[in-house]
Structures are given as C-alpha cells and as structure tokens.
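Visitor: I should like to learn how to read a protein model, feature by feature. May we look at one together?

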Amino acid sequence: MLLYDDVVSEYRDFATYAAGDSPCFEEWALGVSTDEEMLAWLGTLPPLKRQANLVFAAARWHGAPAPAPYAALRRVLLEQEPEVRASVMSRATQTNEVGRLASLTPVLGLLDGPLALIEVGASAGLCLHPDRYDYAWPPVGGLRGSGGPVLTAAATGPLPVPARHPEVAWRGGVDLNPLDVADADAMRWLENLVWPEQDERRERLRAAVEVARLDPPDLRRGDLFDHLPALLDRAATHGTPVVFHSAVIAYLEEPDRRRFHELMTGLVAGGRCRWISNEGRHVLPSVTGDADVPPGRFVTALDGTPVAHSHGHGHAIHWL
Ligand SMILES: C[S@@+](CC[C@H](N)C(=O)[O-])C[C@H]1O[C@@H](n2cnc3c(N)ncnc32)[C@H](O)[C@@H]1O
C-alpha cells in the first residue's frame with residue numbers, strides 16, 4: 001500500500017460525489033488526488049480533518065476563489081498554510097440544510113399536536129422551524145400560509161400532504177457544537193460550507209438564518225446521549241415530544257448507532273416520544289432493513305418504520 005492510498009481514494013470518491021453538483025469541487029478533489037505535495041500535507045492532519053469538504057471550506061475561508069481552477073486552491077493551501085491549518089483544526093463540517101424540512105414536515109403532519117420538537121445534532125437548529133415555511137411537493141400538492149420561504153421537493157408515491165402547518169409549542173435540541181444564529185462569524189462559516197455553484201442553497205440558508213433569528217431554539221452543547229433525557233422532560237411539559245434527526249447518526253461509531261436505536265425504540269415503546277429519523281441508507285440498518293433504497297437517498301422513518309426515501313438535501317421525496 002502506498003503512503004497516501006486512503007487519502008487518494010477518499011478524494012477520488014469525493015470527486016465522484018461532487019460530480020454534477022459542483023464541477024469545481026470535482027476538479028479540486030481530482031487535483032488533490034494526484035498531487036504528491038498536497039497529499040503529503042493532508043497526511044500531516046489528523047484523519048478526521050483530511051475530509052475534502054472541510055479542507056476546501058477552510059481554503060475558501062482564507063480567500064481561495066470558487067468556482068476556480070485547481071491552481072487557485074493549491075496556491076492558497078501553500079501560501080496560507082498556517083491559517084488554513086488553524087481553520088481546519090478549529091472548525092467542523094456542520095452543514096445545516098433547511099431543505100430537509102420538505103422531507104420531515106409530511107411526517108410531522110401525521111402526529112397529534114401541539115408538538116414539542118427536539119432535534120439531536122441540530123447544528124444551528126434551522127430545521128426546528130417547520131411551521132415557518134411554505135412547501136411545494138409537485139406534482140402532488142403544497143402547503144401555504146406561513147408567510148415564510150417556500151421549500152420545494154419533487155414528490156412521488158402517496159405523499160400525505162399535511163392540511164395545515166404543525167403546531168409547534170416548543171423547540172430545542174442538542175449539538176456537540178451548536179451554532180448560534182446571532183453569531184455572524186458562525187453563520188458565514190455555515191454559508192462557506194455550501195458548495196460553490198449552489199447559489200440556490202446559499203440563498204435558502206440566508207433566509208433560514210433570518211427565520212431562526214426571530215425565534216432562536218433552546219440548543220444545548222454536548223453529546224446527544226447525555227442531553228436527551230433532560231430535553232425530553234422539558235419538552236413533555238409543552239406538548240407531544242418529537243425527537244428527530246437528519247444526517248447525524250453517521251457521525252456516531254457503530255456501537256453508539258446501535259445504542260441510539262435501542263434508546264429510541266425503548267422511548268417510543270414507553271410512550272415517551274415520537275421519533276423521526278432521516279438518515280443515509282446504511283446508517284441505521286435496523287430501520288432500513290433490507291429495503292431497496294436508491295443510492296444517495298435518505299430513509300425517512302417514523303418510530304423506526306420507513307415512510308419515505310428522501311433526497312439528502314430534501315429536493316425530492318418518494319413516499320412508500
Ligand atoms: C451534517 S450536520 C446536520 C445538521 C442538521 N441535522 C441538518 O440536517 O441540517 C450533523 C450535526 O450533528 C452533530 N453531531 C454529531 N455527533 C453528535 C453527537 N454525538 N451529539 C450531538 N451532536 C452531534 C454535529 O456537530 C453536526 O452539527
């Protein structure tokens with residue numbers, strides 16, 4: 001095995017993943033994967049910090065223009081190495097995608113309110129305001145009247161279009177590093193994580209930050225296992241507790257994924273809460289089962305039973 005084999009394949013995989021959505025990041029990732037000097041530099045970072053999303057975001061943070069040819073990335077990585085390294089070490093990829101509400105809101109519509117929402121792995125908590133958005137699920141239907149931005153997802157299958165917005169009595173959550181929507185620097189970093197060509201996502205993010213600033217959720221700092229019991233107690237005084245998460249459980253080690261599944265199924269069986277999960281297809285195997293989930297789709301589930309296959313950023317939903 002060559003010295004940087006793992007990094008080479010990680011960056012090649014990332015190039016495949018970015019292809020179509022970001023020609024710039026595809027070119028950058030392929031550029032890194034054949035650049036001995038860059039690979040050696042990545043080798044000096046802790047493994048978890050070598051990820052392309054984080055390194056590219058840090059380079060852009062320090063002035064790498066994007067979209068731009070690979071040479072622009074290389075120049076910043078070489079000429080501003082200490083600054084880029086410091087950002088890579090101090091920041092994390094915590095992309096908060098409010099578009100995922102287009103996958104979550106039809107499931108919330110199946111629950112009796114008022115609801116007390118608890119998001120584990122909330123990042124800045126942008127997904128805690130399902131009642132502040134309008135929705136379009138073409139060609140099936142939509143939900144209007146909130147006065148907020150419109151979130152759109154192409155829908156297939158018998159999607160249960162909610163008749164009204166969820167009544168949210170309380171919203172709170174936990175994150176290892178909660179981002180404060182009032183913190184301009186943290187919000188600029190979130191924006192910086194959106195891929196260069198994705199102007200629509202950037203616009204949606206800015207709008208979502210404004211929505212959240214009007215009613216910031218109660219976000220706690222720490223591990224979800226440590227904070228969930230107290231959050232449940234707090235939420236239960238306001239309405240039906242609903243624990244939800246999207247794109248979070250992949251961050252847990254295998255034993256903790258199983259532990260989380262057991263914890264949630266126990267809480268649901270005991271009537272303590274409802275549970276909505278929206279995770280990659282291999283992330284919670286006990287939920288996904290043997291289901292034939294299309295590549296790149298998340299499995300959206302209620303109380304551990306899959307109800308939909310959803311686009312990872314919420315652009316499409318197939319109700320099962
Ligand atoms: C990719 S972001 C997703 C944010 C949000 N759920 C969304 O869908 O937009 C994953 C978040 O999970 C958080 N996270 C990962 N492991 C965690 C843990 N053990 N406890 C609490 N938060 C965690 C990370 O800090 C990060 O903010």
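Guide: Certainly. Please keep in mind that this is a predicted model. Let us begin with the ligand: of the 21 residues around the ligand, Q94, G121, L224, S246 and Y251 come nearest.

Visitor: How many residues of each class make up the shell around the ligand?

Guide: The shell has 10 nonpolar, seven polar and four charged residues.

Visitor: Which domains does the assignment give for this protein?

Guide: The domain assignment gives domain 1, residues 5-90, and domain 2, residues 98-319. Their C-alpha centres lie 29 Å apart. To the contact between them, domain 1 contributes 11 residues and domain 2 contributes six residues.

Visitor: Which elements of domain 1 give two or more residues to the side that touches domain 2?

Guide: They are α2 (23-33) and α4 (52-61). The most comes from α4, with four residues. By class, the residues on this side of domain 1 are seven nonpolar, two polar and two charged.

Visitor: I should now like to understand sheets. What holds the strands of a sheet together?

Guide: Strands of a sheet pair through backbone hydrogen bonds, and the pairing is either parallel or antiparallel. In this model, three strands form an open sheet in the order β3-β2-β4, with mixed pairing.

Visitor: Why is one side of β3 and of β4 left without a neighbour in the sheet?

Guide: β3 (141-143) and β4 (150-152) stand at the edges and have a single partner strand each, so one side of each lacks a neighbour in the sheet. From one strand to the next, the twist averages 15°.

Visitor: How do β2 and β4 run, parallel or antiparallel?

Guide: Strand β2, residues 134-137, runs parallel to β4, and three bridges join them. As an example of a bridge, D134 has V150 in β4 as its partner.

Visitor: Which strands pair with β8?

Guide: Strand β1 (residues 115-120) and β8 pair in the parallel sense over five bridges. Within this pairing, A116 stands opposite P241 in β8. Strand β9 (residues 274-280) also pairs with β8 in the parallel sense, over five bridges. Here the bridge partner of F244 is I276 in β9.

Visitor: Is strand β8 largely enclosed or largely open, and why?

Guide: Six of the seven residues of β8, which spans residues 240-246, are buried, so this strand is largely enclosed by the rest of the structure.

Visitor: May we turn to helices? What is the general idea?

Guide: An α-helix has 3.6 residues a turn, so residues three or four places apart point the same way. For a case in this model, consider helix α7, residues 101-108, which is mostly covered: eight of its eight residues are buried. Among them are L101, L104 and L108.

Visitor: Where are the cis peptide bonds that you would point out?

Guide: One cis peptide bond joins A66 and P67, with omega about 5°. P67 is found in the loop between α4 and α5 (70-79). Another cis peptide bond joins P138 and P139, with omega about 0°, and P139 is found in the loop between β2 and β3.

Visitor: What should I notice about phi in S123 and D303?

Guide: S123 has phi near 55°, a positive value in a residue other than glycine. This residue is placed in the loop between β1 and β2. For D303, phi is near 50°, again a positive value in a residue other than glycine. D303 lies in the loop between β10 (297-302) and β11 (305-311).

Visitor: Why does S123 count as buried, and how is D303 classed?

Guide: A residue counts as buried if 20 or more other C-beta atoms lie within 10 Å of its own. S123 has 26 C-beta neighbours inside 10 Å, and therefore counts as buried. D303 has 18 other C-beta atoms within 10 Å and is partly exposed.

Visitor: Where is H165 placed, and what does H165 contact?

Guide: H165 is in the loop between β5 (154-156) and β6 (168-175). With 21 other C-beta atoms within 10 Å, H165 is buried. Leaving aside neighbours within four places in sequence, H165 is in contact with D131, L143 and S146. The C-alpha atoms of H165 and D134 are separated by 8.5 Å, while the two residues are 31 residues apart along the chain.

Note on methods:
Residues are numbered from 1 along each chain as its sequence is written. This is a predicted model: local features need pLDDT of at least 70, side-chain atom pairs count only at pLDDT 80 or more; totals for chains, interfaces and linings use all residues. Domain bounds come from an automatic or database domain assignment. Two residues are in contact if their C-beta atoms, placed from the backbone, lie within 7 Å. Ala, Val, Leu, Ile, Met, Phe, Trp, Tyr, Cys and Pro count as nonpolar, Asp, Glu, Lys and Arg as charged, and the others, Gly among them, as polar. A residue is near a molecule or strand if its C-beta atom, placed from the backbone, lies within 6 Å of it. Two strands pair if DSSP finds at least two bridges between them. Axes are lines fitted to C-alpha atoms, for helices over the stretch in contact, and angles run from 0 to 180 degrees between N-to-C directions. A residue is buried if 20 or more other C-beta atoms lie within 10 Å of its own, exposed if 12 or fewer, and partly exposed in between; C-beta atoms are placed from the backbone.
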